[in-house]
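Colleague: I should like to learn how helix packing and helix faces are read from a model. Could we work through a case together?

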Amino acid sequence: MLVIENLHANVGDKPILKGLSLRVNAGEVHAIMGPNGAGKSTLAHVLAGREGYVVTQGTATFEGKDLLDLEPHERAAAGLFLGFQYPVEIPGVSNLLFLRTALNAQRRLRGEAEISGVDFMKKVRAESAVLALDMDMLKRGVNVGFSGGEKKRNEAFQLGILEPKLALLDETDSGLDIDALRIVSEGINRFRRPDRAVLLITHYQRLLDHVRPDYVHVLSGGRIVETGGADLALRLEAQGYEGIAA
Amino acid sequence: MTSDTSTLRNPEASAAVDELSTYKWGFATDIEQDFAPKGLTEDTVRFISAKKNEPAWMLDWRLKAFRIWQTLPTPDWAKLKIPPIDYQDAYYYAAPKAKPTLASLDELDPEIRRTYEKLGIPIEEQKFLAGVEGARRVAVDAVFDSVSVATTFREELKRAGVTFLSISEAMREYPDLVRKHMGSVVPVRDNYFACLNAAVFSDGTFVHIPKGVRCPMELSTYFRINAENTGQFERTLIIAEEGSYVSYLEGCTAPMRDENQLHAAVVELIAETDAEIKYSTVQNWYPGDKQGKGGIYNFVTKRALCRGARSKVSWTQVETGSAITWKYPSCVLAGEDSVGEFYSVAVTNNYQQADTGTKMIHLGKGTKSTIISKGISAGRSDNSYRGLVRIGPSAEGARNFTQCDSLLIGDKSGAHTIPYIEVKNPSAIIEHEATTSKISEDQKFYAMSRGLNSEDAVALIVNGFCKEVLQQLPMEFAVEAQKLLGISLEGSVG
């Protein structure tokens, strides 16, 4: 589904990714771990197409399409979703309007009909119940006045509504208390299907207790330096990142 | 703009927007014009007055105004760069040659009908013409260039006792009312452009709501400047008698022209005891091209007199058009406990300039005013809010709340907030809040990563920024306004 080969990318003039390769197949959950400054968030932003993140070498394809050639909204319509580490506030635009606008924009780009109000609200009710988001919150401005945990639940909610093929979750677990972590994890697990994939970017093992990955990669110095199964995360938790080749 | 625009607007509207690349309403209708001779002299004034069969007092009033106008200096205090205007190099009167009065819009010149259709007017209109039941009632007094060519719903309004006429007709049918009130809120010598308007105004709208009547429908006038080189000088007079209510919508579009066109309108509102007037404007006249060539000069004087106790006037405006906007819809709060409100969105892009705001003059005890202004500047444009809050010595317990927010798009545009506050009564409470922000890259990327293209992302964020104002608009106007915000910011983001 996602194939990254020898990816080099700069933020400004500074090289951050230095030859990263990764292959994610449908049905798989991958976790990317690594110390601060390793390039984890840069990878997420490069894949989502953020301005200012310049690819200098290498390729990234998504279902055979050149991902790097697409605008951010085209990547979204192709089925890529980025869960933000710091979800952004948009005052005056309700969460529901935002999401419906986004969903329909994606559908139009894919040549599909717009979703009806009734169908949209059905999805909203189903997903919001799982993520414990009440309707009043969803009618408020996007992320406005939300706590850190609520913002992350809202990201998981958007994931559930937009139903992408690949979820790229950037430290979705940071700032969550135990209960919120369980709720968000449930959202991610609900998303898992044989035709979908998840790429979790995380600092900590604790998310992986709830969302069990098929593969764990260690990102360090802009490259993947080690790959293993779920047990690798446990080992890292016990030993730290020291001792892993930079 | 690509084909995937604007879900935040309604589907009908987005379909219409899709075909746009630059100025949507840039076409000119070819109708034989009946021109006044070019230039501005007493003869021009006499020509206009004669053309409209005006009573002698009206001609005298115009001539007096013209003589005063010749002595007035052009205003230069606003933060605007206005090229010198040659008042002799313009026509001051142009009327379609068609029949002066029509029973219905069906009899309208087909060319004009097509113009309206391109403007998107007909949707509601045609429903009414076809006798569709249950559609929302909007009476349209269509001002095509200078003469009101058709008025609908006059009968139903008449049954309610509401008078909704062109001002020329009103002059003949209700001379006493017109003579009594015209110029009472905006005096002839009020300012340069208002004075010019008094001399050469070509037509406009007259509304009278009798005591205790709630106007049964929204009243709407579509203005449209059509003839090349013709300034449009409209005059609107709305009188709401004791305990009455009216909502008036004013929407404007103009075809694309190279030469600058001058528009200097005057609007006077009078609210008696317990009366309420809601006046909404969506203004999208041709703003000039991307290099700043052409476009309308919009120099408008709008003022309301809240004469009676507990009377209320709300101005709501969405200003996206015109090359230069100079406009300060104001309220004179004379009646005790009277209320003035001003809700404004002003968008400037490319080389547009806007200097707009309001004046709230508190004279009566317990008067209240609210000002919410949202300025959005993109391209190389300049956008100023200029507002005056004056509390007179007798305005015991007066209150004002002002909020001015500016949003910058790009790094070459300017936003300015210039509040004037004069308080002559120590019991007054005045609050002023102002913010300036930029659309952040974070917001834009967040929206794009969810599937919105760059322009829709900006339009969505801007609509959120303007929400408090947009929700003051009547429903059908709110939709159009959202659409316009997107259109006028096209090309402003990379």
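Modeller: Axes are lines fitted to C-alpha atoms, and angles run from 0 to 180 degrees between N-to-C directions. The model before us is predicted. In it, the axes of α6 (residues 148–162) and α7 (residues 178–191) of chain A come within 9 Å and cross at roughly 10 degrees.

Colleague: How are α6(A) and α7(A) oriented to each other, parallel or perpendicular?

Modeller: Angles under 35 degrees count as roughly parallel; α6(A) and α7(A) are therefore roughly parallel to each other. Among the residues making the contact are Ala156(A) and Leu159(A) of α6(A), and Ile183(A), Val184(A) and Ile188(A) of α7(A). By class, this contact has seven nonpolar, three polar and three charged residues.

Colleague: How does one check the length of a helix, for instance α4(A)?

Modeller: One compares the expected and actual spans. At 1.5 Å a residue, the 14 residues of α4(A) (residues 117–130) should span 20 Å, and the end C-alpha atoms are 20 Å apart, which agrees.

Colleague: Which residues of α4(A) are buried, and which are exposed on the other side?

Modeller: An α-helix has 3.6 residues a turn, so residues three or four places apart point the same way. In α4(A), the buried residues are Val124(A), Glu127(A) and Ser128(A). They cover an arc of only 95 degrees around the axis, which puts them on the same side of α4(A). On the other side, Val118(A), Asp119(A), Lys122(A), Arg125(A), Ala126(A) and Ala129(A) are exposed.

Colleague: What covers the buried residues of α4(A)?

Modeller: The cover includes α3 (95–109), α5 (135–139) and α6 of chain A.

Key
Residues numbered from 1 in each chain as written. Chains lettered and ligands numbered in written order. Predicted model: local features only at pLDDT ≥ 70, side-chain atom pairs only at ≥ 80, totals over all residues. Helix = DSSP H or I, 4+ residues; strand = E, 2+ residues; numbered from the N terminus. Parallel < 35°, antiparallel > 145°, perpendicular 65-115°, else oblique. Contact = placed C-beta atoms within 7 Å. Nonpolar A, V, L, I, M, F, W, Y, C, P; charged D, E, K, R; others polar. Expected span 1.5 Å × (residues − 1). Buried ≥ 20, exposed ≤ 12 C-beta atoms within 10 Å, placed from the backbone. Arc of directions from axis to C-beta.
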